[in-house]
Amino acid sequence: MSGCQVEEQNLGVRPGEALAVNFPYMLHHMPDESVSTANHRDRLLRLVKSLSPKVVTLVEQESNTNTAPFFHRFLETLDYYTAMFESIDVARPRDDKQRINAEQHCLARDIVNMIACEGAERVERHELLGKWKARFTMAGFAPYPLSSSVGNAMRDMLGEYHENYRLQEWGGAVYLGWKKRMLATLSAWR
């Protein structure tokens with residue numbers, strides 16, 4: 001079921017049950033106010049807030065391709081995916097089957113969608129964390145600081161790969177990057 005179709009009755013939440021919601025790289029696929037007056041992104045966030053979760057986590061690309069005009073979207077996509085491919089290059093050998101599969105079936109598809117599609121056909125609509133913060137705040141959420149152990153665990157894991165991976169904790173969120181380009185963010189909300 002698509003996030004656009006989710007209604008409270010689909011979720012099976014029981015009264016008094018502790019609820020945690022995780023949005024890993026999914027909300028950017030939902031149309032917002034720039035595509036449809038239905039604005040499924042914000043509707044889903046308001047629905048989740050009405051369920052009073054103990055925590056909501058968001059992991060998304062740190063890229064601005066949602067409402068940008070074509071030329072800016074092209075440059076942003078080029079910059080973002082250049083860093084992404086460089087980071088993959090040092091982490092996995094070029095003949096690695098998982099790498100090939102991810103590049104062909106995920107990354108290539110995403111790039112084509114961001115560059116070649118417009119309107120409702122374009123489903124890859126990345127936003128910067130600042131925009132996600134505004135959306136979460138408008139839905140009634142407040143930032144929920146991440147434990148320092150989250151950043152420490154991620155740093156330890158990155159240490160096994162390459163020195164050019166970057167991890168930055170700022171404003172209650174964790175940013176993962178390659179060299180000077182931030183690629184993803186992790187934040188928690190309540």
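In the predicted model, helix 1 (residues 40-50) packs against helix 4 (residues 129-138) at an angle of about 50°, and the two axes are 9 Å apart. Helix 1 is therefore oblique to helix 4, and the crossing of the two helices is right-handed. On the side of helix 1, the contact is made by Arg41, Asp42 and Leu45; helix 4 contributes Trp132, Arg135 and Phe136. Sorted by class, the residues in this contact are 3 nonpolar and 3 charged, with no polar residue.

Phe136, one of the contact residues of helix 4, also takes part in aromatic pairing. Over the whole structure, 7 aromatic pairs are found. One of them joins phenylalanine 136 to phenylalanine 141, with 5.3 Å between the ring centres and 55° between the planes, a tilted arrangement. Phenylalanine 136 has a relative accessibility of 0% and therefore counts as buried, the cut-off being under 20%. Phenylalanine 141, at 4%, also counts as buried.

A further pair is formed by phenylalanine 136 and tryptophan 189. Here the ring centres are 4.9 Å apart and the planes differ by 25°, so the pair is stacked, as planes under 30 degrees apart are counted as such. Phenylalanine 136 belongs to helix 4 and tryptophan 189 to strand 5 (residues 181-189), so this pair ties together parts that are 53 residues apart in sequence. Tryptophan 189 is buried as well, with a relative accessible area of 1%. Through these ring pairs, Phe136, Phe141 and Trp189 are linked into a cluster.

Note on methods: Residues are numbered from 1 along each chain as its sequence is written. This is a predicted model: local features need pLDDT of at least 70, side-chain atom pairs count only at pLDDT 80 or more; totals for chains, interfaces and linings use all residues. Side-chain values use heavy atoms; hydrogens and water are left out. Axes are lines fitted to C-alpha atoms, for helices over the stretch in contact, and angles run from 0 to 180 degrees between N-to-C directions. Helices (H or I, at least four residues) and strands (E, at least two) are DSSP runs, numbered from the N terminus. Angles under 35 degrees count as roughly parallel, over 145 as roughly antiparallel, 65 to 115 as roughly perpendicular and the rest as oblique. A crossing is left-handed if the near helix is turned anticlockwise from the far one by less than a right angle, and right-handed if clockwise. Contact means heavy atoms within 4.5 Å. Ala, Val, Leu, Ile, Met, Phe, Trp, Tyr, Cys and Pro count as nonpolar, Asp, Glu, Lys and Arg as charged, and the others, Gly among them, as polar. Rings of Phe, Tyr and Trp (its six-membered ring) pair if their centres lie within 6.5 Å; planes under 30 degrees apart count as stacked, over 60 as edge-to-face and the rest as tilted. Buried means under 20% relative accessible area, exposed over 50%, partly exposed in between (1.4 Å probe, protein chains only).
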